[in-house]
Amino acid sequence: AENFSKHRSWTSCVDQMQRLPAISAGVDGLANEAARQFVAMLTPQYRTLEVVLLEDPDIDYHAQQQKTLEVALAFIEAGRYDKADRLLSSLLSATQERSYVAAYNLGVVKEARGEYARAKRLYQLADQLQTKPIEAINQAVVRIDKVIRQYEQAQSQLKQ
């Protein structure tokens, strides 16, 4: 439940040509403002989120692993999350899940595909593997919890 409260004041002096609006015009204006606010709450809104990809290997990748990372990042930037998912999954597996770069980037892909629980696990893995604070990972850990809460709330509302 939301309460909408709008107010506005008008002033006029006898020596000015400006007149006060009619009561009905003032009420209509306030009602329109409240209606716009209400409609904005109900309509879908697109939000742009900028996510940083990690490009520099955190462990010693051999040449093929380095190439896999580069190609996966190119697929992410092209919006081909299906291909990036397969490549990053194989890279994470090839590094015995010791690369926070592979875990984080795969988490980004999973989040983009709506696989929030898997993204959270990958972000947590990346967080455990990082040896010094990395802002992109820290933001992802916080962001995914918020996304999951919002998703669960939306699902709950749809069931009502």
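A residue counts as buried under 20% relative accessible area, as exposed over 50%, and as partly exposed in between. Keep those cut-offs at hand, because Glu97, at 44% relative accessibility, counts as partly exposed by them. Note too that this is a predicted model.

**Stop 1: the whole chain**

Show the chain as a cartoon. Six helices appear, and zero strands. Reading along the sequence gives the pattern α-α-α-α-α-α. The radius of gyration is 25 Å, well over the 15 Å that the globule rule gives for 160 residues, so the chain is more spread out than a compact globule.

Now turn the view along the principal axes. The C-alpha atoms fill a box of roughly 85 × 40 × 30 Å.

Switch on the surface. The chain exposes about 11,600 Å². Carbon and sulfur atoms supply 50% of that area. Of the 160 residues, 28% are buried.

How far apart are the mean positions of the positive and negative charges? Colour the 20 positive and 20 negative charges to set the scene. Their mean positions lie 5 Å apart.

Contacts come next. Take those with a separation of 6 or more: 54% of them join residues 24 or more positions apart.

**Stop 2: Phe4**

Go to the segment before helix H1, which spans residues 23-42, and select Phe4. Is Phe4 buried, partly exposed or exposed? Its relative accessible area is 30%, so Phe4 is partly exposed.

Add Phe38 to the selection. The two residues are 34 apart in sequence, yet their C-alpha atoms are 8.1 Å apart in space. Now display what touches Phe4. Beyond its neighbours within four places in sequence, Phe4 is in contact with Ala34, Gln37, Phe38 and Met41.

**Stop 3: Asp85**

Move to helix H3, residues 81-94, and pick Asp85. With a relative accessible area of 8%, under the 20% cut-off, Asp85 is buried.

Which side chain does Asp85 meet in a polar contact? Show Arg113: the side chains of Asp85 and Arg113 are joined by a polar contact of 2.9 Å. Then widen the selection. Leaving out neighbours within four places in sequence, Asp85 also has Leu106, Val109 and Lys110 among its contacts, along with Arg113.

**Stop 4: the loop between H3 and H4**

Follow the chain out of H3. Select Thr95, in the loop between H3 and H4. Thr95 has 2% relative accessibility, so it counts as buried. What does Thr95 touch, apart from neighbours within four places in sequence? Show Ile59, Tyr61 and Gln65, which are in contact with Thr95.

Select Gln96 next. Gln96 sits in the loop between H3 and helix H4, which covers residues 100-112. Its relative accessible area is 55%, so Gln96 is exposed. Check the backbone as well. Phi of Gln96 is near 50 degrees, a positive value in a residue other than glycine.

Finish on Glu97, also in the loop between H3 and H4. Glu97 is not a glycine either, but has a positive phi of about 55 degrees. Its 44% relative accessibility falls between the cut-offs, so Glu97 is partly exposed.

Keep Thr95, Gln96 and Glu97 on screen together for a last look. Thr95 is buried, Gln96 is exposed, and Glu97 is partly exposed.

Note on methods: Residues are numbered from 1 along each chain as its sequence is written. This is a predicted model: local features need pLDDT of at least 70, side-chain atom pairs count only at pLDDT 80 or more; totals for chains, interfaces and linings use all residues. Side-chain values use heavy atoms; hydrogens and water are left out. Helices (H or I, at least four residues) and strands (E, at least two) are DSSP runs, numbered from the N terminus. The radius of gyration is taken over C-alpha atoms; the globule rule is 2.2 Å times the number of residues to the power 0.38. Buried means under 20% relative accessible area, exposed over 50%, partly exposed in between (1.4 Å probe, protein chains only). Contact means heavy atoms within 4.5 Å. Accessible areas come from the Shrake-Rupley method with a 1.4 Å probe; for residues, only the protein chains shown count as cover. Lys and Arg count as positive and Asp and Glu as negative; His and the chain ends are not counted. The place of a charge is taken as NZ of Lys, CZ of Arg, CG of Asp or CD of Glu. A polar contact is a pair of N or O atoms within 3.5 Å; within protein, one must be able to donate a hydrogen and the other to accept it, and residues adjacent in sequence count only if both atoms are side-chain atoms.
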